Amino acid sequence: MRHLYVNGVWVPSASGESVDVVNPATEEIVDKVPAGSPGDVEAAVAAARAAFPSWSSTAPAERARLLAAAAGLLRERADRIAATIAADMGAPLALALKVQTLMPIGVLESYAELAGRYGFDAGRVGNSLIVREPVGVVGAITPWNYPLHQIICKVAPALAAGCTVVLKPSEVAPLAAYALADVLHEVGLPPGVFNMVSGYGPVVGEALAGHPDVDMVSITGSTGAGRRVAGLAAETVKRVALELGGKSANVIMPDADLETAVKAGVAGAYVNSGQTCSALSRMLVHWDSYDEAVRLAVGFARKYAPGDPFAEGTRLGPLVSAAQRDRVIRYLNLGEEEGARLVLGCTDNPVERGFYVEPAVFAGVSPGMRIEQEEIFGPVLSIIPFGTEDEAVEIANGTPYGLSGAVWAGTEEKALAVARRLRTGQVAINGGRFNPLAPFGGYKRSGVGRELGEPGLEEYLEIKAIQT
């Protein structure tokens, strides 16, 4: 069994208990990690607290050097890490390399560069010097769906800012976190600056969120988990950053290139087997184009046959666990009970082994249905008709979430006008690509705060005014 990483060394958990790491494609146990205890969290937080004075006063250029060295080592090991992620959580190998591994390495490189040039001394206002200082000890709680990217989105800016970190990776897919810990150790990050305690959320995560010596907690997870963490953090009035769920709309205006928009929308719904908080799980189409859009969506969705993550050409891997597969199947049944038409997909396991579901498309979906309102986190697309632009905007904004979205229209000007009306943290217009250097985060119940770019760094900084 693996160990915890505390104060620069690998140590066993005080609990003596472990968590099985299961390959979701084969259902085989591929590793074991410690089920950390509150005592383990106590030791990790103490190490981070002791390391903070020295690390926070380390020159930004030195912090930048260490982060750049870590990014370089990760890049050398990218193929190996991608294979680990493919086995750990089921992402097809090509996706595991390009999106799950190389993209977060790019994010780490961006924070290495930013640490070296950012103006921590922000200048003067009248007789006041404005400075930005690290918030302190950060508890980072991360999910299983992007197990390296979501860690780097927190750890990289926190370290660049001069904070020390205690990471709680998901117990469902923890192995990428171990690869990162190895790299940070090898590049010579000082002891206590980065610590990692694996284990269950109700034990390790809650101990971190409520710990009085943790100055900030950042979580990516479900809205329910975010509420729990925020409540625990409020007891000690610590800073909280929440990157939570989504139910993002892909709005296809009547003058858009329908085939292109539908094809991209299906891809945006099914990426990572739909296990993406920003997945375009709702497709909004004008009544005049609705039947054709459904036909096109079914045709494109058929190309996402479930397959072995390591087989060439696989576009849809398994869901991460039996529990996640069963959750998605329950929603497929619920959608039919609500009166929607399941025009593609079924509730049977398509293969003998592995946590797979068929790609699903629902037609006849009405605003307010649970499959239209709730985050399913699987390869399930709901297609919803609208009559006017105002109605499309109302439907798009009509869920508790506001994380991402897309708009397709005949001109960029028109698409931008609709995008500005969407209450969501990111919008892609006419196929605009995801930008890992731009701020990412949500409105409403999709979260609080931003990750990536300068706003992501500033989440980990306090502002001080020094009067002269």
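**Helix pairs, sheets and loop residues in a predicted model**

Asn272 is buried, with a relative accessible area of 3%. This description refers to a predicted model. Asn272 belongs to the loop that runs between H9 and E13, and its phi is near 60°, a positive value in a residue other than glycine. Ser273 lies in the loop between H9 and E13 as well. For Ser273, too, phi is near 60°, which is positive although the residue is not glycine. Ser273 is buried, its relative accessible area being 3%.

The loop that holds these residues leads from a helix to a strand, and each of these elements can be followed to its partner. On the helical side, H9 (residues 258-270) packs with helix H10 (residues 290-301) at an angle of about 50°, and the two axes are 9 Å apart. An angle of this kind is neither under 35 degrees nor over 145, and it falls outside the range of 65 to 115; H9 and H10 are therefore oblique to each other. The crossing in which H9 passes H10 is right-handed. H9 contributes Leu258, Glu259, Val262, Lys263, Val266 and Tyr270 to the contact, while H10 contributes Glu292, Ala293, Leu296, Ala297, Phe300 and Ala301. Sorted by class, the contact of H9 with H10 comprises 9 nonpolar and 3 charged residues, with no polar ones.

On the strand side, E13 (residues 282-286) is joined to strand E12 by 4 bridges, and the two strands run parallel. Within this pairing, Val251 has Leu284 of E13 as its bridge partner. In a regular strand the side chains alternate between the two faces of the sheet. In E12 (residues 249-252), Ala249 and Val251 point one way and Asn250 and Ile252 the other way, and all are buried.

A second helix pair is formed by H2 (residues 60-76) and H5 (residues 149-161), which pack at an angle of about 150° with their axes 8 Å apart. Since angles over 145 degrees count as roughly antiparallel, H2 and H5 are therefore roughly antiparallel to each other. Their crossing is right-handed. From H2, the residues in contact are Arg63, Leu67 and Leu74; from H5, they are Ile152, Ala156, Leu159, Ala160 and Ala161. By class, the contact of H2 with H5 has 7 nonpolar residues, 1 charged residue and no polar residues.

Attention now turns to an antiparallel sheet. This open sheet has 3 strands in the order E5-E6-E20, and the pairing is antiparallel. Its edge strands are E5 (121-125) and E20 (461-467), each of which pairs on one side only. Neighbouring strands of the sheet are turned against each other by 25° on average, direction ignored. E5 and E6 are joined by 4 bridges and run antiparallel; in this pairing, Gly123 stands opposite Ile130 in E6. The two strands form a hairpin with 2 residues between them, and Gly126 in the turn has a positive phi of about 60°. E6 (residues 128-134) is also joined to E20 by 7 bridges, again in an antiparallel arrangement. There, Arg132 stands opposite Ile463 in E20. Of the 5 residues of E5, the number buried is 0, so this strand lies largely in the open.

Two further residues illustrate contrasting surroundings. Ser218 lies in strand E10 (residues 216-220) and is buried, with a relative accessible area of 1%. Leaving aside residues up to four places away in sequence, Ser218 touches Gly139, Ala140, Ile141, Lys154, Ala241, Glu451 and Tyr460. Ala438, by contrast, is located in the loop between strand E18 (428-429) and strand E19 (447-448). A relative accessible area of 22% makes Ala438 partly exposed, because buried means under 20% and exposed means over 50%. With residues up to four places away in sequence again not counted, Ala438 touches Gln426, Glu451 and Leu452. The C-alpha atoms of Ala438 and Pro455 are separated by 8.5 Å, and these residues are 17 residues apart along the chain. Glu451 thus appears among the contacts of Ser218 and also among those of Ala438.

Notes:
Residues numbered from 1 in each chain as written. Predicted model: local features only at pLDDT ≥ 70, side-chain atom pairs only at ≥ 80, totals over all residues. Heavy atoms only, no water. Axes fitted to C-alpha atoms, helices over the stretch in contact; angles between N-to-C directions. Left-handed = near helix turned anticlockwise from the far one by under 90°. Contact = heavy atoms within 4.5 Å. Nonpolar A, V, L, I, M, F, W, Y, C, P; charged D, E, K, R; others polar. Pairing = 2+ DSSP bridges. Buried < 20%, exposed > 50% of the residue type's maximum accessible area, 1.4 Å probe, protein only.
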